[in-house]
Amino acid sequence: MSTKPASKSQLLGTETITSLLIKQAVPASIGILVMSLNILVDSIFVGNWINSDALAAIGVVLPISFFVAALGMAIGIGGSSIISRALGADRMDKARRTFGNMLSLTVVITLLMTVFGLLFVDSLVPAFGGRGALFEPAKVYYQIVFYGIPILALCMMGNNVIRAEGAPKHAMIAMLIPSVGNLILDYIFINRLNMGMAGAAWATTVSYFLCFAYVLWFFVSGKSELICTFKDLLPDWIILKEVGSLGFVTLARQATSSFIFLIMNNILFELSGADGVAVFRIIGSMMVFALFPVMGVTQGFLPIAGYNYGAKLWDRVREVTYTSIKISCGLGVLIFLGLFFFTYQIADVFTDNPKVIEQASFAMKLVFLSVPIISIQLIGSAYYQAIGKAIPALLLTLLRMAIILIPLLLILPNLYGEFGVWISFPIADFLSTIITAWYLWLAMKRLKSTRKE
């Protein structure tokens, strides 16, 4: 007789695609919205309650800390792809063994990376743009936040597993807790206790532990199907290889993002000093916030596609792919229209520095030009990750940021200054979307042929 959690995962293969997408994407979107609002409001608090240099300093640290934390996300997404397909194929033993290996791998790798990051703080902070007046506030923030990075990595890993089990509401709550907690603690530590950068850092770190408490409760309270034994924690090299290959796609994406931050912070610092770095911090905050519904659809798409691929329900895989693209492209058009006409007002919320406001308003119009079609690129790379095809997923992931965007950032600013920086983003988005659409169309055609056979 099936348990209640098992029936939830089985719904991924029986319920209508539209209904499933709503159930999966809406909680994911809400979680991402609150998380992005946290980043957004955190930036506003720091920019107004401390100063614009503090805002820029956080922008310097985030790509470093997020890269280490993204190890947990990479393991979570890579392992969750295996878990979704194992549940679809009715292989509970493999799903539990995969989860146990994901736990062990996350703990070992993130602890090693955290120790390394703390030992080399004085080299890493300047390398990512934390020079001059930005060095001290960036270092203060970095050292405190890094203590919580292994906990954040476990949260990000666990959140993806919760979603793979067909429990999107619990995954949403796991994202809400640190976001809401961080905002409350920001107010207490920065505004009331006047702790400055240290207050902003402790608010972030404590919020990670609040999230971990909830994720831990989910897995030990009987809500989860994936009850691990000690044997499941021991290395299974076949599973670890697959987790690594699929997770490397996410890790490569985050590593590339961090490298882009490094390039951007250094280019903008050279072109317009700390003001330029602050502009990019504003745009980075808005990028996550603006795309939250599109990213929510992508998150909802992953477990549905993975489960049905594992169950060999090819028509459902094609349907969820096409439906996800249609919904997210429609949302992208609405986001673009909302952003384009209010860029000045948006920038004005972050800071009272008129130069930063003017630069950010202009830059946002260029950076967000491709929002209506960006979901094709996101769904395309997510599809290959969901079905366990690491190499095409990696190539499509790297296509936009590494293969196209980075060369543009190294060339265009030398020719056109700051305009060259901002125009690089839509050019990379448009080119990568065209190529991804072609590959995804071929994949759907192959699925249709498989069905006929």
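N194 lies in the loop between α8 (168-192) and α9. In this predicted model, N194 has a positive phi of about 55° although it is not a glycine. Most residues other than glycine have a negative phi. A second residue of this kind is K312, found in the loop between α12 and α13 (314-340). The two loop residues are set out below.

| Residue | Phi | Relative accessible area |
|---|---|---|
| N194 | about 55° | 64%, exposed |
| K312 | about 60° | 60%, exposed |

Each residue counts as exposed because its relative accessible area is over 50%: the value is 64% for N194 and 60% for K312.

**Nonpolar core**

The largest nonpolar core has 132 residues. Within this core, the residues with the most contacts are I83, Y141, V161, M264, Y383, L409 and W422. The element that gives the most to the core is helix α11 (residues 237-290), with 19 residues.

For V161, the contacts beyond its neighbours within four places in sequence are S80, I83, F99, M102, F219 and L226. I83 is thus a contact of V161 and is itself listed among the core residues with the most contacts. Two other contacts of V161, F99 and F219, belong to a ring cluster that also includes F218.

**Aromatic pairs**

The structure holds twelve aromatic pairs. In one of them, the ring centres of F362 and F419 are 6.4 Å apart and the planes meet at 35°, so the pair is tilted. This pair links distant parts of the chain, with F362 in helix α15 (residues 354-367), F419 in helix α18 (residues 418-452), and the two positions 57 residues apart in sequence numbering. F362 is partly exposed at 43% relative accessibility, and F419 is partly exposed at 38%.

Y383 and Y384 form an edge-to-face pair, with 5.1 Å centre to centre and 75° between the planes. Both tyrosines are buried, and Y383 is one of the residues with the most contacts inside the largest nonpolar core.

A charged side chain also meets a ring: K365 lies over the face of F340, at 5.7 Å from the ring centre.

**Pocket**

The second largest pocket holds about 230 Å³ of space. It is lined by 14 residues, of which F99, L103, V215, L216 and F219 are the closest to its centre. Helices α4 (92-119), α7 (149-164) and α9 (196-220) each supply at least two residues of the lining. The most comes from α9, with five residues. F99 and F219 therefore take part both in the lining of this pocket and in the ring cluster with F218.

**Cavities**

Rolling a probe the size of a water molecule over the atoms shows where empty space is left. A search of the whole structure finds three cavities of 30 Å³ or more. The second largest cavity has a volume of about 120 Å³. Its lining consists of I77, S80, S81, S84, N160, R163, A164, Q299, L302, P303, Q385 and A386. The elements that give two or more residues to this lining are α3 (52-88), α7, α12 (292-310) and α16 (374-386). Helix α3 gives the most, with four residues. S80, one of the lining residues of the cavity, is also in contact with V161.

Conventions
Residues are numbered from 1 along each chain as its sequence is written. This is a predicted model: local features need pLDDT of at least 70, side-chain atom pairs count only at pLDDT 80 or more; totals for chains, interfaces and linings use all residues. Side-chain values use heavy atoms; hydrogens and water are left out. Rings of Phe, Tyr and Trp (its six-membered ring) pair if their centres lie within 6.5 Å; planes under 30 degrees apart count as stacked, over 60 as edge-to-face and the rest as tilted. Buried means under 20% relative accessible area, exposed over 50%, partly exposed in between (1.4 Å probe, protein chains only). A charge sits over a ring if NZ of Lys or CZ of Arg is within 6 Å of the ring centre and within 35 degrees of the ring normal. A nonpolar core is a set of buried Ala, Val, Leu, Ile, Met, Phe, Trp, Tyr and Cys residues joined through side-chain atoms within 4.5 Å. Contact means heavy atoms within 4.5 Å. On a 1 Å grid over the protein atoms alone, a cavity is a set of points where a 1.4 Å probe fits but cannot get out, and a pocket is an open set with protein on both sides within 12 Å along at least five of seven lines; lining residues have an atom within 4 Å of a point. Grid points are joined across faces, edges and corners, and a volume is the space filled by probe spheres set on the points.
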